Amino acid sequence: MHRQFTRGRLFMGRLSRGDDLLGALQGKCRELSVMQGEVRAIGAVACARIAYYNQSERKYELVHLSRHLEILSLTGNVSLKGEEIFLHAHVVLGDEEGRAFGGHLVEGTEVFACELTIQELLTEAPLSRGMDDETGLFLWA
Ligand code: ZN
């Protein structure tokens, strides 16, 4: 049930101010043809949009934070969803009083500054997602 991977290429870089955090990170993975891997990032955002998965209703509830926040920790994984390289990322954001907010990262989070690390992972058959009827989520087969 668990797949074994070997480490591939390792990238470090940054995003530009004004980028969409999720879109730009996923774009880097696509640009670099990283089909499986791990993504980590720290930095700051001008505003954020995150989501919480309501398990009873099986739908994402959106949270919009229209304020400046630090990216305390962003962690994500890369795999295929259909034919496309797909990034699933969660983020913890901090405010001026040290409070933290977090959730599933969705589009609509505006980068102020962001430093990222992408670790490519290699395996023989690509890791891909499919709809899981038990959870209503696209999970690894
Ligand atoms: Zn998630």
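**Notebook: loop, strands and zinc site**

I began with Gln36, which lies in the loop between H1 and E2. The model I am reading is a predicted one. I asked whether Gln36 is buried or exposed. I recorded Gln36 as buried, since its relative accessible area is 5%, and the cut-off for that class is under 20%. I then looked up what the side chain of Gln36 reaches, and found the backbone nitrogen of Leu127 at 2.9 Å. Leaving out residues up to four places away in sequence, I listed what Gln36 touches; Phe5, Val78 and Gln119 are among these residues, as are Pro126 and Leu127 itself. The list also includes Glu120, Leu121, Leu122, Thr123 and Ala125.

**Helix H1**

I went back along the chain to helix H1, which spans residues 21-31. I noted Leu21, Leu22, Ala24, Leu25, Gln26 and Cys29 as buried residues of this helix. Which strands cover the buried residues of H1? I found that the cover includes strand E1 (6-15) together with E2, E4, E5, E6 and E7. After H1 comes Ser33, for which I noted a positive phi, near 55 degrees.

**Strand E2 and its partners**

I next followed strand E2, residues 37-54, and looked up its pairings in turn. With strand E4 (residues 69-81), E2 pairs in the antiparallel sense over eight bridges. Within this pairing I located Ala44 opposite Glu70 of E4. For strand E7 (residues 110-122) I recorded ten bridges to E2, again with the two strands antiparallel. Here Ala41 has Leu116 of E7 as its bridge partner.

I then turned to strand E3 (residues 59-65), which is joined to E2 by seven bridges and runs antiparallel to it. Ile50 is bridged to Val63 in E3. How many residues lie between E2 and E3 in their hairpin? I recorded four, and in this turn Arg58 has a positive phi of about 55 degrees.

I also checked Asn54, which is found in strand E2. Asn54 is buried, at a relative accessible area of 15%. Setting aside neighbours within four places in sequence, I found Asn54 in contact with Lys59 and Glu61.

The pairing of E2 with E6 is antiparallel and has two bridges. I noted that Ala51 has His104 of E6 as its bridge partner, and His104 led me to the metal.

**The zinc ion**

Which atoms coordinate the zinc ion? I read NE2 of His88, NE2 of His90 and ND1 of His104, at 2.0 to 2.1 Å. Along the chain these donors follow the spacing H-x1-H-x13-H. I placed His90 in strand E5 (residues 84-94) and His104 in strand E6 (residues 100-105), so this pair ties together parts that are 14 residues apart in sequence.

I finally compared the accessibility entries for these two residues. His90 is partly exposed, with a relative accessible area of 40%, whereas His104 is buried, with a value of 14%. I therefore entered His104 as a residue under the 20% cut-off for burial. His104 thus appears twice in my notes, as the bridge partner of Ala51 and as a donor residue of the zinc ion through ND1.

Key: Residues numbered from 1 in each chain as written. Predicted model: local features only at pLDDT ≥ 70, side-chain atom pairs only at ≥ 80, totals over all residues. Heavy atoms only, no water. Donors = N, O, S within 2.8 Å, 3.2 Å for Na, K, Ca; no water. Buried < 20%, exposed > 50% of the residue type's maximum accessible area, 1.4 Å probe, protein only. Pairing = 2+ DSSP bridges. Contact = heavy atoms within 4.5 Å. Polar contact = N/O pair within 3.5 Å; in protein donor to acceptor, adjacent residues only side chain to side chain.
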